[in-house]
Amino acid sequence: MDEQVEAGHRPAVDERIELAYTPTVEDFREALAARSRTTRAGRRHRLFLNLIAVGTVAVGAFKIVVGEEIDSSLVAMLIAALGLILVLPRLQAGQFHRLAADKGEFKVTVEAAGVTIANRHSTSTLAWQAAPYYVETPGLFVLLSADKNNSCLSILPKRGTADPDGLRALLARYASAPARG
């Protein structure tokens, strides 16, 4: 963002990219996975579930080494942890999709003022201060908020625009990659 300002590029007020798309379960799965990888809360959640799974396997291995029988509660805990790791993201994506499904096609305008999202039921505008970060995945751009829980999650599928490179450039002017930490 600073490099473009230093280079003398001031975005024109009328620069805008428009998207039109109907969200899919895969869009939400990809967006939630990106948020999980790039946000502190997401990494903490994944670490917690992985620690439960690894800890359960370690306790089971220790019991085998000392000749004790592995009880059913330990097996149930491992199955539950693995289930959460593997199934929870799909369940969450399905829930988000069900919430969005009756809204029909989404029309999004990305411009200097922010991101306007319109659908059959509502229109809302996110100022860049509300979504100052973005993450790019193979199929999407995901807008994220700055709060510690990343309560804002807006998806911009690349298939929704004829100009994904222009969208990437516009997002880079007004948002940045989330800071790790």
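**Exercise 1.** In this predicted model, work out how the lining of the second largest pocket divides by class, and where that lining comes from.

*Solution.* Start with the classes: the lining of the second largest pocket has eleven nonpolar, four polar and one charged residues. Next, the space itself, which comes to about 370 Å³. Now look towards the centre: of the 16 lining residues, Phe-28, Phe-106, Ile-117, Leu-153 and Ser-154 sit closest to it. Finally, go through the elements: at least two lining residues each come from α4, β4 (123-126) and β7 (153-157).

**Exercise 2.** Do the same job for the largest pocket: find its space, its lining and its classes.

*Solution.* Space first: the largest pocket holds about 490 Å³. Its lining runs to 20 residues, and the ones closest to the centre are Leu-32, Ser-36, His-45, Arg-46 and Pro-89. Two or more lining residues come from each of α2 (25-38), α3 (40-65) and α4 (72-101). By class, you get eight nonpolar, eight polar and four charged residues.

**Exercise 3.** Take Pro-157: is this residue buried or exposed, and which residues does Pro-157 touch beyond four places away in sequence?

*Solution.* Place it first: Pro-157 belongs to strand β7. Then check the relative accessible area, which is 0% for Pro-157. Buried means under 20%, so Pro-157 counts as buried. On to the contacts: leaving out residues up to four places away in sequence, Pro-157 touches Leu-19, Tyr-21, Asp-27, Gly-139 and Leu-140. One last distance, C-alpha to C-alpha: Pro-157 and Val-142 are 8.3 Å apart in space, with their positions 15 residues apart in sequence numbering.

Key: Residues numbered from 1 in each chain as written. Predicted model: local features only at pLDDT ≥ 70, side-chain atom pairs only at ≥ 80, totals over all residues. Heavy atoms only, no water. 1 Å grid on protein atoms, 1.4 Å probe; cavity = no way out; pocket = protein on both sides within 12 Å on 5 of 7 lines; lining within 4 Å. Points joined across faces, edges and corners; volume = space filled by probe spheres on them. Helix = DSSP H or I, 4+ residues; strand = E, 2+ residues; numbered from the N terminus. Nonpolar A, V, L, I, M, F, W, Y, C, P; charged D, E, K, R; others polar. Buried < 20%, exposed > 50% of the residue type's maximum accessible area, 1.4 Å probe, protein only. Contact = heavy atoms within 4.5 Å.
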